[in-house]
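Let's take a quick tour of a few spots in this protein. Have a look at the sequence and the model first, and then we'll go through them together.

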Amino acid sequence: MIGTSLVLAKAVEKAGFDLVIAGMASTDGTMGVVPALLAERLGVPQVTLLSEVSVEGGTVKGRRDGDTASEQLEASLPAVVSVTDQSGEARYPSFKGIMAAKKKPVESWDLEDLEIDADEVGLAGAWTAVDSAAERPARTAGTVVKDEGEGGKQLAEFLAGQKFV
């Protein structure tokens with residue numbers, strides 16, 4: 001997340017922007033923190049988890065739906081916005097649009113182009129590390145308690161013996 005936000009911020013700065021629109025969750029553990037980290041790195045306001053978005057003049061406005069109420073939010077541009085899956089229907093390009101897009105140049109930037117040191121991203125730039133890991137032991141056969149009149153008592157004794165009760 002930290003490295004991802006750094007790379008995105010540098011790329012967005014290089015490309016120039018007024019409004020960055022992000023989804024509500026991704027492979028950041030579905031925490032939805034990348035848009036917030038990106039806004040912080042860019043030094044711009046963020047408006048998150050919007051289900052409705054509009055841009056009027058130099059302002060982005062939107063609605064955030066909560067469990068008990070909806071909020072109307074706004075921020076001045078430039079800004080970062082994250083949207084929920086309720087924000088609208090997907091629009092699919094026409095065949096003509098697809099063919100026109102194929103002719104457009106695609107620019108690729110590497111870390112050097114973005115002026116990022118390799119030690120700032122990837123494993124070298126991670127803020128956390130796994131010290132060790134062990135394989136989970138194989139499951140053992142469980143204990144079967146047959147109810148032949150004393151099943152409840154046997155079950156209670158088993159649970160007490162395992163210190164579950």
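Is E112 buried or exposed? E112 is exposed, because its relative accessible area is 68% and anything over 50% counts as exposed. Keep in mind that you're looking at a predicted model.

## A negative patch

So where does E112 sit along the chain? You'll find E112 in the loop between helix 3 and helix 4, the latter covering residues 122-125.

E112 also has company: together with E107, D110 and D113, E112 forms a negative patch on the surface.

## A nonpolar patch

Now hop over to F95, which belongs to helix 3, residues 95-102. With a relative accessibility of 64%, F95 is counted as exposed too, because the cut-off for that label is over 50%.

F95 teams up with I98 and M99 to make a nonpolar patch on the surface, and that patch has an area of about 310 Å².

## A buried valine

For a contrast, turn to V44. This residue lies in the loop that links helix 2 (34-42) and strand 2 (46-50). V44 is buried, because its relative accessible area is just 15% and buried means under 20%.

What does V44 touch, leaving aside its neighbours within four places in sequence? The contacts of V44 are F17, A39, P78, A79 and V80. As for G62, that residue is 18 residues away from V44 along the chain, and their C-alpha atoms are separated by 16 Å.

Terms used. Residues numbered from 1 in each chain as written. Predicted model: local features only at pLDDT ≥ 70, side-chain atom pairs only at ≥ 80, totals over all residues. Heavy atoms only, no water. Patch = residues over 30% accessible without salt bridge, like charges linked within 9 Å, V, L, I, M, F, W, Y side chains within 5 Å. Areas by Shrake-Rupley, 256 points an atom, 1.4 Å probe, with all protein chains shown as cover. Salt bridge = Lys/Arg side-chain N within 4 Å of Asp/Glu carboxyl O. Helix = DSSP H or I, 4+ residues; strand = E, 2+ residues; numbered from the N terminus. Buried < 20%, exposed > 50% of the residue type's maximum accessible area, 1.4 Å probe, protein only. Lys, Arg positive; Asp, Glu negative; His and termini not counted. Charge placed at Lys NZ, Arg CZ, Asp CG, Glu CD. Contact = heavy atoms within 4.5 Å.
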